[in-house]
There are 2 protein chains.
Amino acid sequence: MLIKVNRKELTKHISIVQKAISQRTTMQILEGIKITAKDNTLILTATDTEISIETKLKAIVEREGEIVINSRLFGDIVRKLENDIINISVENYTMNLKCGDSIFNISTQKADEYPDLPKVEDDIKIIISAKDLKNIVKKTTFAVSTDESRIVFTGVLMDIKKNFINFVALDGFRMAIQKLVKETGIENKVIIPSRSLNELVKIIDDDIDVALNISRNNIVFKFDETVFYSTLLSGEFFSYSALLRDENKISTTVSKREFQLAVERASLLAREDRANLIKLNVNENYINIKSNSEIGDVFEKVRTSEHDENLDIAFNSRYVLDGVKILESEDIVLNFTDSVNPLIITEAEDETYIYLVLPVRLAG
Amino acid sequence: MLIKVNRKELTKHISIVQKAISQRTTMQILEGIKITAKDNTLILTATDTEISIETKLKAIVEREGEIVINSRLFGDIVRKLENDIINISVENYTMNLKCGDSIFNISTQKADEYPDLPKVEDDIKIIISAKDLKNIVKKTTFAVSTDESRIVFTGVLMDIKKNFINFVALDGFRMAIQKLVKETGIENKVIIPSRSLNELVKIIDDDIDVALNISRNNIVFKFDETVFYSTLLSGEFFSYSALLRDENKISTTVSKREFQLAVERASLLAREDRANLIKLNVNENYINIKSNSEIGDVFEKVRTSEHDENLDIAFNSRYVLDGVKILESEDIVLNFTDSVNPLIITEAEDETYIYLVLPVRLAG
């Protein structure tokens with residue numbers, strides 16, 4: 001291999017593939033980035049077997065070749081170099097890297113030991129804008145389960161309908177649904193690991209489109225010069241639509257900011273070992289929130305739009321806050337039915353998002 | 001106690017005293033802030049027995065009083081309130097706190113169980129500007145020892161001479177000396193815990209003067225409405241001036257940025273378990289730096305001002321970098337004598353700072 005490559009471009013693309021490098025792999029080859037030089041292009045590949053990333057950049061390739069180099073060391077070196085152009089040559093599995101007054105010689109590994117990328121059959125193709133994708137990830141992944149023993153719930157369900165897609169995350173205490181209106185013409189369900197989605201959005205620029213290919217075991221996201229592969233989780237997801245309801249006894253509008261701050265203050269006295277318990281009394285014009293622990297108590301009052309019914313209901317404040325914090329509307333709508341059915345939170349100006357929290361049942 | 005206090009002012013002063021709250025105290029009372037209300041002033045006090053802070057703010061005091069309240073809870077509550085004015089009353093050791101639509105009732109403790117602040121006899125008084133003090137702390141505290149078994153070296157020596165003060169930190173591998181030109185008229189030596197200095201500079205605004213009072217066991221820093229007490233470390237410090245020298249075989253000037261980056265790159269292949277070893281060859285116009293580990297090697301070349309002598313010398317790259325990183329001059333001067341005596345680094349435009357690093361002796 002004998003190449004000349006722009007340092008800034010290489011730095012950018014190393015950072016992209018490094019999202020697929022696991023910190024705790026036991027396979028030494030997976031600590032490496034595979035570099036393929038041909039046709040005046042460098043192809044960088046990394047994988048942790050769950051996430052795989054391939055990204056391309058232009059380079060002057062004087063002699064083609066393919067090797068694997070330690071990702072962390074290669075990234076640290078390239079990031080700390082100073083000149084615009086890096087000269088790289090590989091002979092006898094040693095990479096010689098020259099840039100300005102710096103010379104590095106680094107051992108590399110054979111590329112043919114590197115695992116193959118997943119095969120993808122281009123079964124289903126959907127285009128989603130980076131903006132929508134980032135919004136979906138922000139509004140769902142926080143609600144997935146962290147319980148690895150029920151692995152499907154650590155992922156986000158992508159429930160594809162003919163005219164829309166629902167992205168659904170839940171953990172047994174709360175559920176987040178982001179709807180994306182989109183003519184797909186098909187029906188399908190896949191479950192994407194939430195970690196994949198969180199890593200994906202870190203490397204997507206704004207204002208671009210992302211093409212999704214879905215096959216049996218993998219989903220692939222293509223954008224710019226990059227292809228991002230994620231395995232899918234197999235298993236049966238919860239039939240989430242059963243939890244939704246059309247009728248609410250109370251639908252009341254509050255300022256998102258006022259409600260959030262009141263719940264945050266009330267939760268200062270809610271103790272984690274007592275389920276972060278806060279009690280809400282919903283009356284005609286206000287929601288009263290109270291909480292207490294052995295060190296004291298707190299009473300908060302949030303003005304609401306007027307409504308007829310009264311209700312007492314209790315929550316784990318953490319689950320309420322998680323869902324409220326990520327909302328962007330000035331006003332949000334709180335929908336209650338009774339003290340044992342979930343609170344459903346929606347945005348006043350955007351009907352595509354639903355956040356549902358189960359109440360805590362109080363003895364007596 | 002019955003008071004009205006401005007929320008922003010109270011928030012600011014709570015943040016100041018919280019610097020003296022230890023995360024791991026075993027005395028419950030030390031998790032608290034003592035609040036004294038009298039003469040339309042609130043006095044907040046906190047101590048971890050090593051650092052003590054007292055700070056004052058204006059308030060409307062309708063009924064005087066004194067209590068101790070949990071620092072973290074009180075701080076979290078006040079920071080999350082929204083209105084401008086907080087109404088606080090204390091009765092039967094319960095603090096009632098009202099602000100807007102928020103009401104908190106919090107248990108407090110008796111103030112008479114709170115430890116007294118150190119007595120200070122105003123023996124020695126020195127004024128130092130915040131700017132100088134922040135520079136001293138930045139350029140010395142990083143070099144103190146972390147070895148608690150030789151406690152004096154975890155502190156910074158303040159070596160007061162008639163016309164200047166030397167602030168000295170060392171750990172057996174390197175030494176940092178920041179000189180402050182100041183007519184003190186006295187001679188004295190005290191050792192200040194580096195943690196105290198680091199906490200102190202966090203709460204000092206720029207562009208103010210700080211008055212230092214030194215007594216036998218304590219040093220006190222006074223500024224604005226705040227008094228910061230620190231215990232002193234007792235014991236014999238190293239006679240550091242013996243390490244300094246007037247004659248250098250090589251005194252050569254390098255770009256601070258180029259030298260730092262070259263050492264940083266070289267240290268990418270220096271292994272921590274082999275003392276982060278980098279080897280320098282100082283010749284007429286360049287310093288060549290090399291390092292290697294089992295995965296590869298690196299060669300760096302940094303242009304220097306011209307000098308006659310040649311020298312080979314080796315260092316722990318971490319100790320070199322620690323001292324170079326904090327310098328602000330464009331050019332720095334590297335002073336060598338031979339391969340077993342320390343490298344002395346100074347700033348080209350500022351003679352008040354000296355950083356000294358011991359070389360690593362190589363076998364053979």
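Chain A is superposed on chain B by a rotation of 180° with 0.0 Å of shift along the axis, at an RMSD of 0.0 Å. The two copies are therefore related as by a two-fold rotation axis. This is a predicted model, and the values below are computed from its atoms. Within chain A, the residue that comes closest to the rotation axis is A:Gln23, whose C-alpha lies at 15 Å.

**The interface**

Between the two chains, 28 residues of chain A are in contact with 28 residues of chain B, and the area buried between them is about 2,600 Å², to which carbon and sulfur atoms contribute 54%. Because 100% of the interface residues of chain A are also interface residues in chain B, the copies meet through the same surface.

Polar and charged groups take part in this interface as well: 20 residue pairs, both members at pLDDT 80 or more, are in polar contact between chain A and chain B. On the side of chain A that touches chain B, two or more residues each come from helix H2 (71-80), strand S9 (102-107), helix H5 (256-267) and strand S22 (296-303) of chain A. By class, that side of chain A is made up of 12 nonpolar, 5 polar and 11 charged residues. The rule finds 6 salt bridges across the interface, and one of them joins B:Glu264 to A:Lys80.

Strand pairing also crosses from one chain to the other, since strand S22 of chain A and strand S9 (residues 102-107) of chain B run antiparallel and are joined by 5 bridges. Within this pairing, A:Glu300 has B:Ser102 of S9(B) as its bridge partner.

**Salt bridges**

Over all chains, a search of the whole structure finds 32 salt bridges. Two of the pairs are set out here.

| Pair | Closest N to O distance |
|---|---|
| B:Glu264 and A:Lys80 | 3.1 Å |
| A:Arg195 and A:Asp48 | 2.5 Å |

The side chains of A:Arg195 and A:Asp48 meet within chain A. A:Arg195 lies in helix H4 (residues 194-202) of chain A, whereas A:Asp48 lies in the loop between strand S3 (41-47) and strand S4 (51-58) of chain A, so this pair ties together parts that are 147 residues apart in sequence.

**A sheet in chain B**

Strands of a sheet pair through backbone hydrogen bonds, in either a parallel or an antiparallel manner. Chain B holds an open sheet of 9 strands with antiparallel pairing, in the order S10-S6-S2-S3-S4-S18-S17-S16-S11. Its edge strands are strand S10 (109-110) and strand S11 (124-129) of chain B, each of which pairs on one side only. Inside this order, strand S2 (residues 32-38) and strand S6 (residues 65-70) of chain B run antiparallel and are joined by 6 bridges, and B:Lys34 stands opposite B:Val68 in S6(B).

Methods
Residues are numbered from 1 along each chain as its sequence is written. Chains are lettered from A and ligands numbered from 1 in the order in which they are written. This is a predicted model: local features need pLDDT of at least 70, side-chain atom pairs count only at pLDDT 80 or more; totals for chains, interfaces and linings use all residues. Side-chain values use heavy atoms; hydrogens and water are left out. Contact means heavy atoms within 4.5 Å. Buried area is the accessible area (1.4 Å probe) that two parts lose on being put together, summed over both. A salt bridge is a side-chain nitrogen of Lys or Arg within 4 Å of a carboxyl oxygen of Asp or Glu. A polar contact is a pair of N or O atoms within 3.5 Å; within protein, one must be able to donate a hydrogen and the other to accept it, and residues adjacent in sequence count only if both atoms are side-chain atoms. Helices (H or I, at least four residues) and strands (E, at least two) are DSSP runs, numbered from the N terminus. Ala, Val, Leu, Ile, Met, Phe, Trp, Tyr, Cys and Pro count as nonpolar, Asp, Glu, Lys and Arg as charged, and the others, Gly among them, as polar. Two strands pair if DSSP finds at least two bridges between them. Copies are superposed by least squares on the C-alpha atoms of residues with pLDDT of at least 70 in both.
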